[in-house]
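This report covers a sheet with its flanking helices, a helix pair and the internal cavities of one model. The model is predicted.

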Amino acid sequence: IRCWSNIPFITMPLSRAHGKSFAHRSELKHAKRIVVKLGSAVVTRGDECGLALGRLASIVEQVSMLQNQGREMMIVTSGAVAFGKQRLRHEILLSQSVRQALHSGQSQLKDMAIPVLEARACAAAGQSGLMALYEAMFTQYSICAAQILVTNLDFHDEQKRRNLNGTLHELLRMNIVPIINTNDAVVPPPEPNSDLQGVNVISVKDNDSLAARLAVEMKTDLLIVLSDVEGLFDNPPGSDDAKLIDIFYPGDQQSVTFGTKSRVGMGGMEAKVKAALWALQGGTSVVIANGTHPKISGHVITDIVEGKKVGTFFSEVKPAGPTVEQQAEMARAGGRTLAALQPEQRAEIIYRLADLLTDQREEILLANKKDLEEAENKGRLALPLLKRLSLSTSKLNSLAIGLRQIAASSQDSVGRVIRRTRIAKDLDLEQVTVPIGVLLVIFESRPDCLPQVSALAIASGNGLLLKGGKEAAHSNQILHHLTQEALSIHGVRDAVQLVNTREEVEDLCRLDKLIDLIIPRGSSQLVRNIQKAAKGIPVMGHSEGICHVYVDTDASVEKVTRIIRDSKCEYPAACNALETLLIHRDLLRTPLFDQIIDMLRVEQVKIHAGPKFASYLTFSPSEVKSLRTEYGDLECCIEVVDSVQEAVEHIHKYGSSHTDVIITENEKTAEFFLQHVDSACVFWNASTRFSDGYRFGLGAEVGISTSRIHARGPVGIEGLLTTKWLLRGDNHVVSDFSEHGSMKYLHESLPLPQRNTS
């Protein structure tokens with residue numbers, strides 16, 4: 001606890017030795033002392049006359065939040081000239097209107113011209129108002145702010161430098177936010193091309209260089225430079241080939257083409273980069289980002305400090321491998337080459353991967369043992385997740401069988417003609433299957449998912465990005481190595497990429513220009529987070545697996561306990577395990593009902609009573625908190641319904657459209673259930689656990705989808721394909737088909753080519 005003015009506040013345990021910048025974005029959350037530089041384009045309105053008050057208030061809120069966390073925040077701000085311009089224009093207009101009203105009458109007011117205002121005069125008029133505005137805003141968060149005006153000469157005078165340093169340290173010690181600006185009322189015009197003067201000196205000619213100089217002088221951990229562009233691009237923003245640079249390294253200047261400077265302010269992007277590199281050399285990490293975008297400006301500063309992928313991060317440490325953006329581009333190029341292979345060649349790759357899973361069994365199990373030992377030592381994984389993490393000889397054998405199944409069934413998946421139409425004479429149209437593009441599959445605690453998904457991507461000709469959980473790092477590494485070894489037999493090694501960088505899932509979900517489909521494999525929380533984070537990229541999957549079994553009055557005694565036991569107890573952590581058991585009211589207090597309860601008790605299944613079931617009992621089990629609960633363990637809910645119609649209504653109200661089952665010997669009742677339950681999988685007298693790609697004969701699955709477009713249920717090869725249209729003509733033009741044209745539409749259906757079913 002620290003105190004100032006008798007008001008205690010909590011400080012975060014943030015500390016590190018200064019002298020070396022952070023190597024990775026994920027380390028920025030440890031930044032203790034932070035400088036935020038607000039460019040003129042961020043602070044001023046679009047008309048350059050007056051301040052963007054909403055944007056400024058949002059920035060103050062973020063700075064205050066970080067300050068109240070115990071960090072030491074400093075702001076280098078522009079805006080005095082714009083604020084002063086607004087005030088002086090108002091005064092001049094008022095003065096002119098009074099004079100002209102007295103001497104010339106109202107008729108000449110409309111002809112008044114506002115003279116060009118000198119910047120230094122505007123700065124002098126705007127400094128006090130700008131500071132008053134900052135003080136008022138920071139007061140809302142019980143934070144005090146202090147103004148410091150500097151010029152370049154202040155940094156050249158050793159005594160003034162020491163005074164400035166001492167003042168800033170004292171303000172930070174007292175939990176005050178220093179607001180620093182160049183004293184534009186007296187500053188001389190900047191000298192051209194004099195940003196850097198030697199290794200140890202930077203000329204303060206604008207607020208970019210001031211922020212860099214200040215950051216190094218104060219041994220700051222992080223400098224955030226906010227402008228009106230997303231960050232640093234390899235070409236001028238807006239040009240066709242421009243790409244945002246995620247991480248910029250010293251020496252990369254040669255690969256960047258600088259454009260013009262922003263609409264207002266002294267410095268352009270080139271000045272920002274020079275200042276950033278100078279600060280980086282002095283041991284301060286730097287991020288250049290957009291502070292004006294309405295969708296991100298409200299959290300841009302806090303996002304940067306949290307390590308999210310925002311703007312351009314300057315780092316001195318180059319990663320050993322490619323960036324995730326480069327991996328996505330490699331996957332797309334590799335996927336296109338993969339799709340161009342003959343079907344037999346793609347199948348050969350999958351057969352080779354299946355062989356490697358059994359041939360390299362010992363190495364795989366050794367790597368998996370390391371993961372299991374680390375997980376158990378850390379104690380972070382629950383027992384169901386540990387089971388998912390574990391590989392065995394039988395699991396690898398089953399994987400190999402599934403992969404061979406995929407290879408055998410994939411012979412005509414890509415390029416298959418599904419529709420042929422003769423539009424007109426010599427004008428034929430075909431609809432053919434093609435890969436979706438680049439898939440991002442995010443999975444946790446399931447290393448067996450990697451070869452399954454890889455085989456499906458290879459069979460469907462898709463590029464693949466894999467992001468596995470760190471708990472399975474050793475297993476994923478060797479399985480990916482074997483996958484690339486199999487791909488190498490036809491020169492498409494890059495088609496499947498494993499993301500090993502410190503990429504956050506949320507950042508991956510923003511790569512909408514590089515990824516075409518996201519497939520999450522893991523907990524319902526993981527799926528929900530990805531669905532929330534995905535920006536412009538479709539997500540295939542289900543957030544919950546609330547599966548029901550309805551026991552009808554005509555159910556077979558022999559079948560009921562077998563199906564319920566298998567659905568709930570065979571693998572309770574699976575998404576296709578039973579979670580709610582619906583019992584017809586007439587079965588209560590019957591021998592069949594007693595058998596169900598006895599079996600669940602023997603299997604140590606904890607029972608929760610639904611509201612209606614609880615009303616029938618004198619002493620009931622604990623009443624369920626929610627009928628929409630996915631337990632993922634040896635627990636389930638029992639509820640009573642009056643009819644098959646009520647069972648269907650219950651499933652629609654509380655289910656997740658995953659898998660639902662009816663147990664009955666009445667065919668009419670069963671067909672009603674099958675036709676009316678609107679779920680991805682609906683079964684009659686069969687366990688919910690059959691909802692699986694391997695058990696469906698798909699070889700494997702990338703997941704189970706409860707979505708209503710594209711693919712639904714267990715998703716195999718077919719779900720990873722889309723279509724394109726091929727039109728073959730001979731000098732055809734639309735005008736020939738007009739009212740007075742020479743041709744007419746035929747729209748004749750043509751027979752499809754014979755499918756390869758060998």
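## Helices on the sheet

Helix 18, residues 524-533, lies across strand 13 and strand 16, and runs at about 160 degrees to strand 16. Helix 16, residues 473-487, lies across strand 13, strand 14 and strand 15. Its direction is about 160 degrees from that of strand 15.

## The four-stranded sheet

These strands belong to an open sheet of 4 strands, ordered 15-14-13-16 and paired in parallel. Strand 15 (496-498) and strand 16 (517-521) are at the edges; each has a single partner strand, so one side of each has no neighbour in the sheet. From one strand to the next, the twist averages 20 degrees.

Strand 13 covers residues 438-443 and strand 14 residues 463-468; the two pair in the parallel sense over 6 bridges. One bridge partnership joins L440 to L465 in strand 14.

## Helix 11 and helix 14

Helix 11 (residues 343-359) and helix 14 (residues 393-409) have axes that come within 9 Å and cross at roughly 170 degrees. An angle over 145 degrees counts as roughly antiparallel, and helix 11 and helix 14 are therefore roughly antiparallel to each other.

On the helix 11 side, the contact involves A347, I350, Y351, L353, A354, D355, L357 and T358. These meet L396, N397, L399, A400, L403, R404, I406, A407 and A408 in helix 14. By class, the residues of this contact are 13 nonpolar, 2 polar and 2 charged.

## Cavities

The model has 2 cavities of 30 Å³ or more. The largest cavity has a volume of about 50 Å³, and its lining consists of F155, R161, L164, N165, L168, L214, E217 and M218. Helix 6 (158-173) and helix 7 (207-217) each supply at least two of the lining residues. Helix 6 contributes the largest share, 4 residues. The lining of the largest cavity divides into 5 nonpolar, 1 polar and 2 charged residues.

The second largest cavity has a volume of about 40 Å³. The residues that line the second largest cavity are T77, Q127, L130, M131, Y134, Q147, I179, I180 and N181. Two or more of them come from each of helix 4 (119-139) and strand 6 (176-182), with helix 4 giving the most, 4 residues. The lining of the second largest cavity holds 5 nonpolar and 4 polar residues, and no charged residues, whereas that of the largest cavity includes 2 charged residues.

Terms used: Residues numbered from 1 in each chain as written. Predicted model: local features only at pLDDT ≥ 70, side-chain atom pairs only at ≥ 80, totals over all residues. Heavy atoms only, no water. Pairing = 2+ DSSP bridges. Axes fitted to C-alpha atoms, helices over the stretch in contact; angles between N-to-C directions. Contact = heavy atoms within 4.5 Å. Parallel < 35°, antiparallel > 145°, perpendicular 65-115°, else oblique. Nonpolar A, V, L, I, M, F, W, Y, C, P; charged D, E, K, R; others polar. 1 Å grid on protein atoms, 1.4 Å probe; cavity = no way out; pocket = protein on both sides within 12 Å on 5 of 7 lines; lining within 4 Å. Points joined across faces, edges and corners; volume = space filled by probe spheres on them.
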